[in-house]
Amino acid sequence: MYKDTIIQDDDAIVADLSNVEVDLGFLGNLGDGLMYDALDPGAESDGANSWHSEEIKTPPNSEDEFESDGESNEFSIFQEGQRFGELQLQVGMKFNTKQDFRDAVREFTIQEGRRIKFVKNDNVRCRAVCQVEECSWVVYASRDHEDSCWQIKTFYDDHTCPRENSNRAANRAWLASKLVKKVRKYPNFKQCEAATYFKSKCDLILHRNSIARALADARNVVYGDEKTHYALLRDYAETLLKINPGSTVRIGVTLMPDGQVMFDKIYICLSGCKNGFKAGCRPLIGLDGAFLKTQIGGQILSAAAQDANHHIYVVAWAIVNIKNKEN
C-alpha cells in the first residue's frame, strides 16, 4: 500500500515517498477496523494529520447541568448588612431567627415608605400588615421545624396607600445603626448633615432631637462611652511614665461614701516638653484654659511658652472640674 491510498491531498507531508512502501505495523491489524474508525476520509480536514473519531464527537456528560438546576430551585437566605434600598423580600426566603425576620420587615417598610404593624407574633408564626386598613399588603412567616429556621410563606407586595416621609419604625436604634459608618468615616459629622443624609438617602424627615440622640449613640459605639474612658486613666498614666521616663503625671480623685473613687483632675507634663522648654524656649510661661464640650464637662488648663520661631509651645496641661486658685 502506498501513500496515495492512505492520506488526503491536503494533508501535510515532509517528503514525497510515492515509490516507497509505508509500514503500517503501528496501526495494528487492518482487519480489526481500527484504521477506519480513527480516520474518516470523507470528512473535511482542518489541518495536518487531522483525525476524526467518535470519542471526540461524543457530547459531554450533562450531570453537572442537572445538579445546577437543582441548586437554582433552593430558597434564598436572608443576608444581613445589605445596602439601604436593595433589600427584597420573596416567598420562601429563610431567616435564622424571628428577630431577623422582624428586622428585615422593618428595613423593607422604611425603604418603601410605609407603616406596618405585627398582628401575629408568637413562637411559631409572625404576620405583618399595613396600618392602613384598606391596603392589602401582608407578609407572613412561620417556623420551619425541619431546617430550624423561619421562612416566608405568604407575601403580597402591593400597597394601595400613599408613601410617607415619616415612619415610627425608624427609631433611635435604627438611626444609630445607620450613622455608625458615617461617624467612623467623618468624625465631625454634624446633626444638620445627618438630617440631610436621611432626607436624601431614605426620604425621611426626622425631628432634630431624634437625630441628636441617635448621633450620640453612634459616637458611643465608635469611640466608646466617655464614662468608661475614665476607668482607663490609671493605665494611661502608667503608659506615659513607661515610654516617657522623667515625665510627671498626677491623678486626683474624690472618695465616695460607698468606698468608690470618682475622677476629679489630672496633671500631665511630659519629659520631652519639659526639656524642650529648658533648651530652646523663652523663659516665659503663660496660662490658658478652655471649656470641654463633653457629657462630663470640665475645663482644660495649659501652660504654654513661646519658642524661637514665635510659635506656641505647650509645656504641661491639666483637666479640672473648674478653674480656680486651688487647681
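User: What share of the contacts in the protein chain with a separation of 6 or more comes from residues 24 or more positions apart?
Analyst: This is a predicted model, in which local features need pLDDT of at least 70 and side-chain atom pairs count only at pLDDT 80 or more, while totals for chains, interfaces and linings use all residues. Numbering runs from 1 along each chain as its sequence is written, and side-chain values use heavy atoms, with hydrogens and water left out. A contact means heavy atoms within 4.5 Å. For contacts in the protein chain with a separation of 6 or more, the share from residues 24 or more positions apart is 45%.

User: What percentage of residues in the protein chain reach a pLDDT of 70 or more?
Analyst: pLDDT is the predictor's confidence in each residue, from 0 to 100. Its mean over the protein chain is 78, and the percentage of residues that reach 70 or more is 77%.

User: How many contacts beyond four places in sequence does the model have for residues 1-8?
Analyst: Where pLDDT is low, the predicted coordinates should not be read in detail. Residues 1-8 have pLDDT under 50 throughout, and their contacts beyond four places in sequence number 16.

User: What percentage of the 327 residues of the protein chain count as buried?
Analyst: Buried means under 20% relative accessible area, exposed over 50% and partly exposed in between, with a 1.4 Å probe and protein chains only. Of the 327 residues in the protein chain, the buried part is 28%.

User: How many helices and strands make up the secondary structure of the protein chain?
Analyst: Helices (H or I, at least four residues) and strands (E, at least two) are DSSP runs numbered from the N terminus. On that basis, the protein chain has 10 helices and 10 strands.

User: Which are the edge strands of the sheet β1-β5-β4-β3-β2?
Analyst: Two strands pair if DSSP finds at least two bridges between them. In this open sheet of 5 strands, the pairing is antiparallel and the order is β1-β5-β4-β3-β2. Pairing on one side only marks the edge strands, β1 (94-95) and β2 (116-121).

User: In β5, what is the bridge partner of Val138?
Analyst: Strand β4 (residues 138-144) runs antiparallel to strand β5 (residues 149-156), and 7 bridges join them. One of the bridges into β5 links Ala141 with Ile152. For Val138, the bridge partner in β5 is Tyr156.

User: How many residues of β4 are buried?
Analyst: On its other pairing, β4 meets β3 in the antiparallel sense over 5 bridges, with Arg127 opposite Tyr140 of β4. β4 is largely enclosed by the rest of the structure, because the buried residues number 6 of the 7.

User: At what angle does helix α4 run to β2?
Analyst: Axes are lines fitted to C-alpha atoms, for helices over the stretch in contact, and angles run from 0 to 180 degrees between N-to-C directions. Helix α4 (residues 98-112) lies across β1, β2, β3 (125-130), β4 and β5, and its angle to β2 is about 160 degrees.

User: Is the pair of Phe95 and Phe101 stacked, tilted or edge-to-face?
Analyst: Rings of Phe, Tyr and Trp (its six-membered ring) pair if their centres lie within 6.5 Å; planes under 30 degrees apart count as stacked, over 60 as edge-to-face and the rest as tilted. The count by this rule is 6 aromatic pairs. The centres of Phe95 and Phe101 are 5.4 Å apart and their planes are at 75 degrees, so the pair is edge-to-face.

User: How far apart in sequence are the parts tied together by Trp174 and Phe198?
Analyst: The rings of Trp174 and Phe198 have centres 6.3 Å apart and planes at 40 degrees, so they form a tilted pair. Because Trp174 lies in helix α5 (residues 172-185) and Phe198 in helix α6 (residues 191-202), the parts tied together are apart in sequence by 24 residues.

User: Over the face of which residue does Arg102 lie?
Analyst: A charge sits over a ring if NZ of Lys or CZ of Arg is within 6 Å of the ring centre and within 35 degrees of the ring normal. At 4.1 Å from the ring centre, Arg102 lies over the face of Phe118.

User: Which residue in β10 stands opposite Ile268?
Analyst: Another open sheet of 5 strands has antiparallel pairing in the order β6-β7-β10-β9-β8. Within that sheet, strand β7 (residues 261-269) and strand β10 (residues 312-320) pair in the antiparallel sense over 3 bridges. Opposite Ile268 in β10 stands Trp317.
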